[in-house]
Number of protein chains: 2
Amino acid sequence: MNIGTASEKSGLPPKTIRYYEDIGLLSPGRADNGYRDYSTADVHRLRFLQRSRGLGFSVEECRQLLSLYGDTHRESAEVKAIAESKLVEIDRKIAELNALRATLSHLVHACHGDHRPECPILEDLAGHHH
Amino acid sequence: MNIGTASEKSGLPPKTIRYYEDIGLLSPGRADNGYRDYSTADVHRLRFLQRSRGLGFSVEECRQLLSLYGDTHRESAEVKAIAESKLVEIDRKIAELNALRATLSHLVHACHGDHRPECPILEDLAGHHH
DNA sequence: CTTGAGCTTCCACTTGGTGGAAGCCTTAGG
DNA sequence: CCTAAGGCTTCCACCAAGTGGAAGCTCAAG
């Protein structure tokens with residue numbers, strides 16, 4: 001099947017699919033006309049990538065997961081470890097964003113937001129804590 | 001003052017300071033020997049950048065904020081609008097991460113994580129919902 | 001036969017810097 | 001006075017994870 005069809009079936013844009021091939025995440029065959037020819041297994045890999053990227057795994061992590069996916073003798077512990085460390089990372093990001101949110105929200109509430117030039121937000125950014 | 005001192009006072013690495021100059025966020029003078037020469041006003045701008053980047057504003061937003069900072073006739077409403085839209089963006093990111101976290105956490109709990117190859121995480125990523 | 005869509009490759013651009021090389025400048029020590 | 005270390009300069013390359021666009025081939029329909 002052509003890249004357009006593989007794109008529809010995987011939910012990934014053609015550009016992204018070619019990119020994934022570039023970086024060695026899959027290697028579809030080629031038809032006589034030079035067009036890429038995707039098997040159903042290729043489409044499975046693409047959908048796997050689409051899902052795992054969507055879950056926040058980096059491309060390198062996806063490469064690892066794909067390799068584990070293809071290895072019927074893998075140990076589930078290995079997959080779980082990757083997922084758990086990703087979970088920790090997500091928790092860290094959430095905490096960071098919550099802290100940011102609190103600070104910014106405080107500043108926004110302190111600012112009148114009218115035609116006058118006085119602005120606690122700018123004052124804080126400038127480091128003039130009064 | 002030299003870039004090293006400005007770096008210490010602003011908390012930004014010299015490389016970053018040069019980069020900010022490259023993209024037009026500040027333009028320090030030059031000493032006779034060709035070294036950049038930072039005024040205290042330059043350091044204020046750098047600290048402003050350090051703070052606002054740390055609060056999650058993009059470089060372009062920082063450029064806007066800096067311009068408002070330097071404009072004594074600005075209206076605080078303009079600053080507040082930028083900060084509020086950033087707040088909305090942060091909220092969106094937090095929600096997204098929370099959803100991710102829930103999905104991933106669910107998968108992690110479902111996985112035995114032992115020497116056996118059976119792995120619900122991989123099965124989910126592959127799209128095999130049973 | 002021609003037109004348009006789909007496919008190919010390749011190169012550039014994005015964000016926000018970071019790393020390193022090659023070459024001045026300055027300052028302290030021997 | 002010479003030298004070595006460290007700081008400064010520029011420039012070029014690289015990171016993630018793609019996206020946009022140009023030039024050119026192929027394929028299917030009218």
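Here are a few questions and answers about this predicted model.

Reader: Which elements does chain A contain, and in what order do they run?
Author: Happy to start there. The secondary structure of chain A comes to 6 helices and 2 strands. From the N terminus on, these elements run α-α-β-β-α-α-α-α.

Reader: Why is chain A described as more spread out or less spread out than a compact globule?
Author: For 130 residues, the globule rule gives 14 Å. Chain A is well over that, so it is more spread out than a compact globule, with a radius of gyration of 23 Å. Along its principal axes, the C-alpha trace of chain A spans about 70 × 40 × 20 Å.

Reader: Which element gives the largest share of the side of chain B that touches chain A?
Author: Good one to look at in the structure. The contact takes 49 residues from chain B and 49 residues from chain A. On the chain B side, α3 (40–54), α4 (59–70), α5 (76–110) and α6 (120–125) each supply at least two residues. The largest share, 21 residues, comes from α5(B).

Reader: And which element gives the largest share of the surface near DNA strand D?
Author: Strand D is surrounded by 17 residues, and among the closest are A:Asn33 and B:Arg36. At least two residues each come from α2 (14–22) and α4 (59–70) of chain A, and from α1 (3–10) and α2 (14–22) of chain B. The largest share, 3 residues, comes from α2(A).

Reader: How many residues of that surface near DNA strand D are charged?
Author: The residues there divide into three classes. Nonpolar residues number 6 and polar residues 6, while the charged ones number 5.

Technical notes:
Residues numbered from 1 in each chain as written. Chains lettered and ligands numbered in written order. Predicted model: local features only at pLDDT ≥ 70, side-chain atom pairs only at ≥ 80, totals over all residues. Near = placed C-beta within 6 Å. Helix = DSSP H or I, 4+ residues; strand = E, 2+ residues; numbered from the N terminus. Nonpolar A, V, L, I, M, F, W, Y, C, P; charged D, E, K, R; others polar. Contact = placed C-beta atoms within 7 Å. Rg over C-alpha atoms; globule rule 2.2 N^0.38 Å.
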